[in-house]
Amino acid sequence: MIYQAFEAQMAVVDLMRPFAAMAATTMRLPWPSFLSKLLRGTAGDLDAFAGLRITARRPAFAIEPVLVGNALVAVTEEVVATTAFATLLRFKKDLAVAQPKVLLVAPMSGHFATLLRATIQTMLIDHDVYVTDWHNIRDVPRGAGCFDLSTYVQEIIHFLHVLGEGTHLMAVCQPAVPALAAAALMAEDDDPALPRSLTLMAGPIDTRINPTTVNKLASEKPIGWFERNLIDRVPAGYTGAGRRVYPGFVQLTAFLSMNLERHKAAFAEMSAALSQGDAPRYAKLQAFYEEYLAVMDLAADFYLETVRLVFQDHALPKGELKISGRTVDPKAIRRLSLLTVEGERDDICGLGQTMAAQDLCTGVRQYRKTHHVQTGVGHYGVFSGRRWTNEIYPFVRDTIAMAS
């Protein structure tokens, strides 16, 4: 019933948007001066409301041309491989010189892979970049089978096989655990497609360390509570009708509530920008919220396993994580370089949680391990923004270059 209630609510809200836009237009007509200022402010509120809506459609990546050396190079999207659950997408550049291949594993945490747009834009300067463009599970037919944590790991391994030897693996946030698991299983198998480097950014390897509010919320209730209260079935009318899912709009609600005052301030800033005719400032905020409000559902099996194994049982650091029936042993990893990155002000993944991978990977020589804590950034600042580009990315670039 979660789905039906949400869709009914959104249907009502969508009916109100055109009226809000028309009212805003009326309020911008030439009114007496004593009313003008008040009406302009209200018009800004109404326009901001009319322009924001939750959607389940993936935004465009819209990657801009990249400056490589002294030349501006166009970027085109190329589908390399497709499974039921993801598309391996390449951001192709027409270059005569080969660059290191990087598989960027996007988080499956309620948003689309386009959340990593800024990460990709920067990485493209020096690398041949591929991304796991996860499909919205509500659009995947039930006949494709279940999607759980083991499936996630196998998808990573499959795409590494598609790309072949010499690929570098980079995981942002949630996929740090499955990426490390994939590397460990491949190392144990002496797989020739084992990545040459593994970069883990702001990921929950061991959430017992400096637990955040997010970690506490995930661990304070039994797993049965999550299943009873947060899981629903995709309703009729969608390709994946009948699938059990953790709806993306529920995850979005949790994200918004965590930083409610910040989002209220941003909405007020959007309204003010519209009232004052500041188009660039409004466009910047609008672009952020168009991305932020685009949500995808998570398969219930994957979501519940992640909550239980990563946040409640801490299975990976305890040596108890099993993928497809096999115990994951990070000590098996030897022939790759390891970089872990954390943000000083990260309120989602606490300091030390990602660095824990360094202690788990005892088989990696010390000179091939690097850890970086970026001062002054929160979670999103680890992989987007000025400090990502200017201060964090050089560590990523150098790790990949030395491992190549």
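Me: Two strands pair if DSSP finds at least two bridges between them. Which residue of β7 stands opposite Val102?

Reply: This is a predicted model in which residues are numbered from 1 along each chain as its sequence is written, and side-chain values use heavy atoms, without hydrogens and water. Local features need pLDDT of at least 70 and side-chain atom pairs count only at pLDDT 80 or more, while totals for chains, interfaces and linings use all residues. Strands (E, at least two residues) and helices (H or I, at least four) are DSSP runs numbered from the N terminus, and strand β5 (residues 101-105) pairs in the parallel sense with β7 (residues 168-172) over four bridges. In β7, the residue opposite Val102 is His168.

Me: Through which helix does the chain cross from β5 to β6?

Reply: β5 also pairs in the parallel sense with β6 (residues 128-134), over four bridges, and Val102 stands opposite Val129 there. The β-α-β crossover between these strands is right-handed, which means that, with the strands pointing away from the viewer, the path from the first strand over the helix to the second runs clockwise. The helix on this path, residues 117-123, is α3.

Me: Is Arg90 buried or exposed?

Reply: Arg90 lies in strand β4 (residues 86-93). Buried means under 20% relative accessible area, exposed over 50%, and partly exposed in between, with a 1.4 Å probe and protein chains only. Because its relative accessible area is 18%, Arg90 is buried.

Me: With the side chain of which residue does the side chain of Arg90 make a polar contact?

Reply: Contact means heavy atoms within 4.5 Å, and residues that Arg90 touches include Thr76, Asp128 and Tyr130. A polar contact is a pair of N or O atoms within 3.5 Å; within protein, one must be able to donate a hydrogen and the other to accept it, and residues adjacent in sequence count only if both atoms are side-chain atoms. Arg90 and a residue 40 places away in sequence are 4.4 Å apart, C-alpha to C-alpha. At 3.4 Å, the side-chain polar contact is with this residue, Tyr130.

Me: Which helix gives the largest share of the largest nonpolar core?

Reply: A nonpolar core is a set of buried Ala, Val, Leu, Ile, Met, Phe, Trp, Tyr and Cys residues joined through side-chain atoms within 4.5 Å. The largest one has 108 residues, and Phe91 is among those with the most contacts inside it. The largest share, 11 residues, comes from the helix at residues 176-188, α5.

Conventions: Lists of a residue's contacts leave out its neighbours within four places in sequence.
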